[in-house]
Amino acid sequence: MADDSSTSHRRDPIKSSVGNVAAQRRRQNAVTVGKERRESLVRAKRLCRVGATGDGDVPVEENDMITDEAGFLLDTQTSSAVEELKSAVAYQGKGAMQKRVNTLRQLRRLLSKSEFPPVEAALKAGAIPLLVQCLSFGSPDEQLLEAAWCLTNIAAGKPEETKALMPALPLLIAHLGEKSSLPVAEQCAWALGNVAGEGEELRNVLLSQGALPPLARMMLPNKGSTVRTAAWALSNLIKGPDPKAATELIKVDGVLDAILRHLRKVDEELATEVAWVVVYLSALSNFATGVLVKSDVLQLLVERLATSNSLQLLIPVLRSLGNLVAADSHTISTVLVPGHEITDGVIKVLVKCLKSDHRVLKKEASWVLSNIAAGSIEHKQLIYSSEAVPLLLRLLSTAPFDIRKEVAYVLGNLCVAPTAGEGKPNLIEEHLASLVQRGCLSGFIDLVRSADIEAARLGLQFTELVLRGVPNGDGPKLVEQEDGIDAMEIYQFHENEDLRNMANGLVDKYFGEDYGIDE
Amino acid sequence: MAMVVDYKNDSSFPYWTSIRRRFEPDSPFFTSGNLERELLAKQVALDLTEDERNRLEKMIDNAARGVCCLIVGCRACLASLEDFEDHYNALHTASCSVCSRVYTTSRLLSIHVSEAHDSFFQAKVARGYAMYECLVEGCGLKFKSDKGRQQHLVDKHKFPTSFDFFKKAHPSKKKRLKNQQKRRMHKKDEEASSKMEVENETIDGLVSAVSKLSTSDSSPSNISFGRRNARGLTFVPLSVQPPREKK
């Protein structure tokens, strides 16, 4: 609002205040775009900017900063495009098919231009019923492709936008069939992958409509981008939390073989998507885990971890390994037996991950090691005498918190014998004494001090091991030296009763009034 | 269903057991890996700068690790571990200027100061006033003795029997030895000596010492406690409380 009482020394008050408002709006928009951008980056959905066949004919815009004006323009153009599509679909005369394809293409280009397609405008103008009509059986491939592409991008955004695709689902699934052309099938798979990525509810709808078998079959051929897209869509479809889909997938004829074949491939992008399928198979379905462990998959995972340096591939491969170790005691007791070559291989690649720069790899590798260390005495000895321990000790003092917590699990598990019935598990004094002597206690006391309940609990539990089991009764002295008593006293007034009792119990037992008298 | 938990028999300490840990695919444990997957898949298409990536990762980290302060009575929730550490150091490490003991709230500090360093407090105790406040904020009850308060904490507020606020736990080794020596010496020397440490006195000991004070309310200046002879009886204002932000 212009300030009418402006004095003459203020130049162009009206212009500057309008300018301010516009600038403010742009700044606000930048913040909104920032937030929207973050959300879109983090979703399990993917926009299709360049066609599935790779020959997108639209130059993808370099600068995606949507100003108000440009956004408004895009919306208007989209609404008109939908209107044109409407008349093209209604038109029955000569050249109707070409007209339909042209208007679809126009809409598709508008929906592929920027990072934030004008989905709302398209939906408001009534795009969905029209696109469903364009998917009808017998339609030419070009038409099916463009319609599926539009739907893909409509489904790539906000939850309510993805849900709007419901009327189109049966047809999209139908076009996955083996009679469809590959580009069409792939584009439909992509759209369905976005729908599945939205959430459990839509996943269940897709599963009950029979989306899984055709998608699974699309993963069987030996090559092609279709295989990769299908694998990605499947990973979204089976991610649960209901394990049914995962179990169903592994039972499909030829799927296990295809998984093994693709994990061997040089093409890291394909191997990556297939590895994610294995992640969800192994995390959710005990049946699938059993099948996988009996196959060659563990060996393949180890090989991949050893030879690849692509973080994108290493994450799901490592996690698959972790899931297979965590899910089934069979894995450690019959396959990863100490002394077998494969076991040494596993330790080696886990060490490689511990050495990596990537936080996720260090954390999840530590997790896997902690589960192996939860095995037999021989497993503990194997890890204890490996290259892993010096690395773990260093990580315990220098790494970020989430890694330190996992490392703590490994080290603690190395010091405690396998659980055998009730009562206190026995200590492995040799391991405990050595690790403490190499300086791990301060790292655990730090965990006692942390705000995280689980970590504090771990720290207190390890402290108890030290107090009880370090030879010559040196435990209390060592704990005191590391300011362990102070750390435990934090819990005198702590809200968490469990921690309070643990800490007070230890202090009472080992640092009572008589502590330190004889010396 | 009151179960007396006696950790001295360590029948209920949750010992470290080595077990396999399995996580569901949507467990927070896997969040950072999942996010990394999506970022990597899209960064080629979206051409994220290094700076943007770092900021995104930091934002994701913080969102996943918001920390709530669990000190009794404090309801603050902080955005990150660094913020939590700042909060803890600012608000939960109140230290006594007289004896350097550290408490986690300014209220507890002030209770400590009255009970351990204020002869005025002890005088009232000697006269039978209920001076020992319940430690749980909001309860409001007061007791004539430390033992009475202790019992109330256990019965009413479910504090563990091993909890002991007044008994100052675990001073350093040097200090402990010194205290042991003093206790032995004190047994020989019945009179309140200038070497007496207030904090290590039993209630009875204090009462007997205090009964030698005059009955007026003013602080007598000719008795000194502890090794702070130079200061005599320092007036420790009970009303000094560091500003406390309640979120």
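Helices in this predicted model are DSSP runs of at least four residues, numbered from the N terminus.

**Close-up 1. A salt bridge within helix 6 of chain B joins B:Arg149 and B:Asp146.** Both residues belong to helix 6 of chain B, which covers residues 146-157, and they stand three residues apart, about one turn of the helix. Their side chains meet with an N to O distance of 3.1 Å. B:Arg149 has a relative accessibility of 1% and therefore counts as buried, and B:Asp146, with a value of 11%, also counts as buried.

**Close-up 2. A salt bridge between B:Arg37 and A:Glu273 joins two chains.** The side chains of B:Arg37 and A:Glu273 come together at 3.2 Å, N to O. Because B:Arg37 lies in helix 1 of chain B (residues 31-46) and A:Glu273 in helix 15 of chain A (residues 268-284), the contact links one chain to the other. Both B:Arg37 and A:Glu273 are buried.

**Close-up 3. Salt bridges that share partners form a network of A:Arg46, A:Glu273, B:Arg37 and B:Glu38.** Two members of this network, B:Arg37 and A:Glu273, are the residues whose side chains meet at 3.2 Å, N to O. Over all chains, a search of the whole structure finds 21 salt bridges.

**Close-up 4. A salt bridge in chain A pairs A:Lys405 with A:Asp452.** The closest N and O atoms of A:Lys405 and A:Asp452 are 3.4 Å apart. A:Lys405 is part of helix 24 (residues 401-415), whereas A:Asp452 sits in the loop between helix 26 (441-449) and helix 27 (453-469), so that the pair ties together parts of chain A that are 47 residues apart in sequence. A:Lys405, at 11% relative accessibility, counts as buried, while A:Asp452, with a relative accessible area of 26%, is partly exposed.

**Close-up 5. A negative surface patch contains residues of chain A and of chain B.** The patch is formed by A:Glu200, A:Glu201 and A:Asp242 together with B:Glu24 and B:Asp26. One of these residues, A:Asp242, is found in the loop between helix 12 (225-237) and helix 13 (244-251) of chain A. The relative accessible area of A:Asp242 is 34%, which makes this residue partly exposed; that value also fits the patch criterion, because patches are made of residues with over 30% relative accessible area and no salt bridge.

Methods. Residues numbered from 1 in each chain as written. Chains lettered and ligands numbered in written order. Predicted model: local features only at pLDDT ≥ 70, side-chain atom pairs only at ≥ 80, totals over all residues. Heavy atoms only, no water. Salt bridge = Lys/Arg side-chain N within 4 Å of Asp/Glu carboxyl O. Buried < 20%, exposed > 50% of the residue type's maximum accessible area, 1.4 Å probe, protein only. Patch = residues over 30% accessible without salt bridge, like charges linked within 9 Å, V, L, I, M, F, W, Y side chains within 5 Å. Areas by Shrake-Rupley, 256 points an atom, 1.4 Å probe, with all protein chains shown as cover. Lys, Arg positive; Asp, Glu negative; His and termini not counted. Charge placed at Lys NZ, Arg CZ, Asp CG, Glu CD.
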